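Please open the model in your viewer and keep the sequence panel beside it. This tour proposes one selection after another and says what is there.

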Amino acid sequence: MITNLHQLYLYQIEDLYSAETQIINVFPRMIELAGCENLKSALTTHLDETRAQLGRVNEIMDTHGGTSRKQTCRAVKGIVEEGEILMENMAGNAVDAGLIVAAQLLKHYEIAAYGTARAFAEELGYDRDFYLLDETLEEESAANETLTTIATGGLFTEGVNEMAK
Ligand SMILES: [Fe+2]
């Protein structure tokens with residue numbers, strides 16, 4: 001039973017541990033499928049960042065005696081499952097756009113979850129945690145912006161033009 005803010009915070013940290021782990025597992029396949037070099041390199045960079053993010057979450061979990069085996073982040077599991085269905089059913093010019101959809105859904109979930117966790121860390125006076133969560137939140141926002149730039153930088157237009165040929 002969760003009865004105070006600290007417990008809710010730890011629940012969320014354990015959830016994020018599961019989220020990052022699932023993302024680390026699915027990203028290599030997304031990188032493999034990406035056609036556009038910009039997208040491939042953005043996803044590769046973000047996979048490296050994600051490994052560091054998992055390390056930060058792990059540090060926070062250790063600090064508070066959390067455990068990585070407690071729960072699966074079902075929200076990320078659902079987004080990953082939908083992404084997998086997309087990946088199996090996409091071809092040609094739709095692939096990169098579909099990968100961006102899946103990646104941005106993940107980033108948005110993480111931005112929301114990390115934003116809340118960071119606010120809780122501040123409220124609870126966990127300074128080191130706040131610093132670590134803030135670093136991750138910055139990376140997630142930057143990754144999301146990079147994906148938007150790639151998506152709006154002609155990727156869709158080129159795809160549509162190709163399909164019209
Ligand atoms: Fe992440």
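The tour goes from the whole chain to pairs of helices and then to single residues.

**The whole chain**

This is a predicted model, in which local features need pLDDT of at least 70 and side-chain atom pairs count only at pLDDT 80 or more, while totals for chains, interfaces and linings use all residues. Residues are numbered from 1 along each chain as its sequence is written.

Begin with the protein chain as a cartoon, where you should find five helices and zero strands, in the order α-α-α-α-α from the N terminus on. Helices here are DSSP runs of H or I with at least four residues, strands are runs of E with at least two, and both are numbered from the N terminus. Taken along the principal axes, the C-alpha atoms of the chain fill a box of roughly 60 × 25 × 20 Å.

Two totals are useful before you zoom in. Of the 165 residues in the chain, 31% are buried, where buried means that 20 or more other C-beta atoms lie within 10 Å of the residue's own, exposed means 12 or fewer, and partly exposed is in between, with C-beta atoms placed from the backbone. Among the contacts with a separation of 6 or more, 79% join residues 24 or more positions apart; a contact means that two C-beta atoms, placed from the backbone, lie within 7 Å.

**Helices H1 and H2**

Now select helix H1 (5-33) and helix H2 (37-63). Their axes are 9 Å apart and the packing angle is about 155 degrees, which means that H1 is roughly antiparallel to H2. Axes are lines fitted to C-alpha atoms, for helices over the stretch in contact, and angles run from 0 to 180 degrees between N-to-C directions; angles under 35 degrees count as roughly parallel, over 145 as roughly antiparallel, 65 to 115 as roughly perpendicular and the rest as oblique. H1 passes H2 in a left-handed crossing, a term used if the near helix is turned anticlockwise from the far one by less than a right angle, whereas clockwise would be right-handed. To see where the two helices meet, show residues including Ile13, Leu16 and Phe27 in H1, together with Leu43, Leu47 and Thr50 in H2.

Next, pick out Phe27, which is found in helix H1. Phe27 counts as partly exposed because it has 19 C-beta neighbours inside 10 Å. Leaving out residues up to four places away in sequence, Phe27 touches Leu43, Leu47 and Thr50.

**Helix H4 and its partners**

Move on to helix H4, residues 94-124, whose 31 residues reach 45 Å from the first C-alpha to the last. That is close to the 45 Å expected at 1.5 Å a residue, the expected span being 1.5 Å times one less than the number of residues.

Add H1 to the selection: the axes of H1 and H4 come within 10 Å and cross at roughly 160 degrees, so H1 is roughly antiparallel to H4, and this crossing is also left-handed. Then exchange H1 for H3, whose axis comes within 10 Å of that of H4, with a crossing at roughly 175 degrees; H3 and H4 are therefore roughly antiparallel to each other. Here Ala75, Val76, Ile79, Gly83 and Leu86 in H3 meet Gly98, Ala102, Leu105, Leu106 and Tyr109 in H4.

**The nonpolar core**

Which residues touch the most other members of the largest nonpolar core? Select Ile13, Leu16, Leu39, Ala103 and Ala117, which do so among its 33 residues. Such a core is a set of buried Ala, Val, Leu, Ile, Met, Phe, Trp, Tyr and Cys residues joined through C-beta atoms within 7 Å.

Centre the view on Leu39, which touches Ala34, Asp96, Leu99, Ile100 and Ile150, not counting residues up to four places away in sequence. Leu99 lies in helix H4 and is buried because 26 other C-beta atoms are within 10 Å.

**Two exposed residues**

Is Ile85, in helix H3, buried or exposed? Ile85 is exposed, with 11 other C-beta atoms within 10 Å.

Finish at Gly125, in the loop between H4 and H5, where this residue takes a positive phi of about 75 degrees just after H4. Gly125 counts as exposed, with 8 C-beta neighbours inside 10 Å.
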